[in-house]
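Me: I'm new to reading protein structures, and I'd like to learn it one feature at a time. Could you walk me through this one?

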Amino acid sequence: MKTITLSLLAILIMGGIYIAAQESSYQEEASGGSANNVTMEDGKQIVAITAKGGYSPKVSSAKADIPTIIRMKTRGAFDCSSSVVIPSIGYQGYLPPTGETNINIPAQKAGTTLQGMCGMGMYRFQIQFS
Ligand SMILES: [Cu+2]
């Protein structure tokens with residue numbers, strides 16, 4: 001009896017992950033893959049990333065050798081993507097359900113790929129510097 005309950009639970013969890021994956025690939029399509037999300041502001045490069053059920057865009061292209069701000073945007077995000085980790089700079093933070101959070105990034109060398117993820121490592125995003 002216990003085994004049946006556990007496997008049912010496992011199926012439900014797997015189903016949930018599958019649906020979440022479908023949803024995020026749809027979002028990526030909607031945003032057109034590599035969106036124009038990098039702008040300049042007061043000599044700093046702003047990389048805007050939206051967090052809600054994952055990160056959009058998943059891959060950003062930014063310039064190397066200039067100070068950079070990752071601007072995490074949320075609007076009604078109550079899922080785990082509001083917990084952000086960027087291991088290479090030792091960043092770990094929580095985004096408000098709605099708002100903007102600036103994360104300062106030191107100038108990155110060309111060829112660097114900065115990896116970000118949710119606290120569980122389930123949702124990910126990348127910023128490629130060149
Ligand atoms: Cu997560």
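Me: Let's begin with the hairpin of β1 and β2: how many residues lie between the strands, and which residue takes a positive phi?

Reply: Here is the general idea first. Most residues other than glycine have a negative phi. Now the case in this predicted model: the hairpin of β1 and β2 has two residues between the strands, and D42 takes a positive phi near 50 degrees there. D42 is not a glycine, and its place is in the loop between β1 (38-41) and β2 (44-51).

Me: Is D42 buried or exposed?

Reply: D42 is exposed, with a relative accessible area of 79%.

Me: In what sense do β1 and β2 pair?

Reply: Strands of a sheet pair through backbone hydrogen bonds, either parallel or antiparallel. In this hairpin, β1 and β2 pair in the antiparallel sense, over four bridges. To see one of these partnerships, find T39, whose bridge partner in β2 is I46.

Me: Where else should I look for a positive phi?

Reply: Try D65, which is not a glycine either and has a positive phi of about 65 degrees. You will find D65 in the loop between β4 and β5. D65 is exposed, at a relative accessible area of 58%.

Me: What about the peptide bonds: which residues does a cis peptide bond join?

Reply: As a rule, most peptide bonds are trans. Here a cis bond joins S56 and P57, with omega at about -5 degrees. P57 has its place in the loop between β3 and β4.

Me: Now the whole fold. How many helices and strands are there in the protein?

Reply: The protein has one helix and ten strands. Read along the sequence, the helix comes before the strands, in the pattern α-β-β-β-β-β-β-β-β-β-β. Of its 130 residues, 33% count as buried. The accessible surface comes to about 7,900 Å², and 59% of that belongs to carbon and sulfur atoms.

Me: What order do the strands take in the open sheet?

Reply: A useful idea for looking at any sheet is that in a regular strand the side chains alternate between its two faces. The open sheet here has five strands in the order β4-β10-β9-β6-β7, and its pairing is mixed. At the edges are β4 (59-62) and β7 (91-94), each of which pairs on one side only. From one strand to the next, the twist averages 20 degrees.

Me: How do β4 and β10 pair?

Reply: They pair in the parallel sense, over four bridges, with β10 covering residues 124-129. As an example, A62 has F129 as its bridge partner in β10.

Me: How do I read an aromatic pair, and how many are found in the whole structure?

Reply: A pair of aromatic rings is described by the distance of the centres and the angle of the planes. A search of the whole structure finds one pair. Its members are Y55 and F125, at 4.8 Å centre to centre and with 65 degrees between the planes; the pair is edge-to-face because planes over 60 degrees apart are given that name. This pair links distant parts of the chain, since Y55 is in strand β3 (residues 55-56) and F125 is in strand β10, 70 residues apart. Y55 counts as buried at 4% relative accessibility, and F125 does too at 2%.

Me: Which residues are the protein donors of the copper ion?

Reply: For a metal site, start with the atoms that hold it. The donors here are the SG atoms of C80 and C118, lying 2.1 to 2.2 Å from the copper ion. C80 lies in the loop between β5 (68-75) and β6 (83-86) and C118 in strand β9 (residues 113-118), so the pair ties together parts that are 38 residues apart in sequence. C80 is partly exposed, with a relative accessible area of 24%, whereas C118 is buried, at 1%.

Me: Last one: which residues does A77 touch?

Reply: A77 lies in the loop between β5 and β6. Leaving aside residues up to four places away in sequence, A77 touches A51, K52, S82 and P97. A77 counts as buried, at 3% relative accessibility.

Note on methods
Residues numbered from 1 in each chain as written. Predicted model: local features only at pLDDT ≥ 70, side-chain atom pairs only at ≥ 80, totals over all residues. Heavy atoms only, no water. Donors = N, O, S within 2.8 Å, 3.2 Å for Na, K, Ca; no water. Buried < 20%, exposed > 50% of the residue type's maximum accessible area, 1.4 Å probe, protein only. Areas by Shrake-Rupley, 256 points an atom, 1.4 Å probe, with all protein chains shown as cover. Pairing = 2+ DSSP bridges. Axes fitted to C-alpha atoms, helices over the stretch in contact; angles between N-to-C directions. Phe/Tyr/Trp six-rings, centres within 6.5 Å; stacked < 30°, edge-to-face > 60°. Contact = heavy atoms within 4.5 Å.
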